[in-house]
Amino acid sequence: MSTLKTTATGYVGYRGREGHYAFLLHRITGLGTVLFLVIHVIDIALVYFYPAGFLDALSVYQSTIFGIGEIALVFCVFFHGINGLRIAVSDMFLPKSWSIESARKTTRFTLIATLVLWLPATFIMVRNILIHNYGMFGG
Ligand code: HEM
Ligand code: HEM
């Protein structure tokens with residue numbers, strides 16, 4: 001229990017700023033993607049084991065709450081992928097030029113690149129939710 005408390009207070013109370021938040025976000029987005037992947041492999045397996053259940057799953061995925069989950073998933077995948085590449089490049093090729101300042105700069109760049117990819121995808125996904133679930137835009 002005390003280990004859990006130490007971890008939780010460490011997560012919240014560490015130095016703050018870009019490096020700390022990038023670490024937390026990388027962990028949350030990695031675990032978010034793993035969670036999705038488990039559900040995803042089970043639902044794809046339904047095609048073989050229980051096809052009618054697969055169709056049920058597809059209609060559940062069209063609901064608004066899963067639509068919002070999908071928007072979060074796309075953020076997780078983009079952020080985790082780009083930030084993971086940033087960490088790998090820095091660790092493998094540029095370990096000597098690492099500094100707090102350069103890490104802050106590349107973290108800001110990571111976030112901007114994530115938003116540049118995520119926002120247009122989010123626009124399309126929100127539009128789909130409005131079309132399928134609220135009859136807007138001719139849906
Ligand atoms: C909302 C986004 C996604 C949709 C609509 C989607 C859809 C699909 C579909 C239709 C298949 C079956 C393909 C086939 O067998 O012909 C599949 C398989 C698979 N997808 Fe996705 N996918 C999505 C996101 C992801 C993400 C983000 C990952 C990785 C983190 C992923 C990993 C996989 C894997 C590993 C399989 C193979 C599963 C198996 O054969 O049991 N997918 N996906
Ligand atoms: C473009 C693809 C990906 C890249 C470049 C990437 C890169 C990385 C890197 C470099 C780390 C270690 C971070 C560190 O030690 O500071 C990491 C951790 C992790 N990754 Fe990925 N990853 C990718 C895809 C995925 C996917 C698809 C999943 C989930 C299915 C995933 C789940 C995780 C988890 C759970 C961790 C541990 C996080 C932690 O310990 O805080 N990653 N990833």
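These legends accompany close-up views of a predicted model. Residues are numbered from 1 along each chain as its sequence is written, while chains are lettered from A and ligands numbered from 1 in the order in which they are written. Local features need pLDDT of at least 70, side-chain atom pairs count only at pLDDT 80 or more, totals for chains, interfaces and linings use all residues, and side-chain values use heavy atoms, with hydrogens and water left out.

**View 1. The iron atom of ligand 2 and its protein donor.** His80 is the only protein donor here, with NE2 at 2.0 Å from the iron (donors are N, O and S atoms within 2.8 Å of the metal, or 3.2 Å for Na, K and Ca; water is not among the atoms, so sites may look incomplete). His80 sits in helix H4, residues 64–92 (helices are DSSP runs of H or I with at least four residues, numbered from the N terminus).

**View 2. Polar side chains at ligand 2.** Arg27 places a side-chain N or O atom 2.6 Å from an oxygen atom of the ligand. A polar side-chain atom of His26 lies 3.3 Å from a ligand nitrogen. Helices H2 (17–49) and H4 are the elements that give two or more residues to the shell, and H2 gives the most, with six.

**View 3. The protein around the site.** Look out for five helices and zero strands (strands are DSSP runs of E with at least two residues). The radius of gyration, taken over C-alpha atoms, is 19 Å, well over the 14 Å that the globule rule (2.2 Å times the number of residues to the power 0.38) gives for 139 residues, so the protein is more spread out than a compact globule.

Technical notes. Polar contact = N/O pair within 3.5 Å; in protein donor to acceptor, adjacent residues only side chain to side chain.
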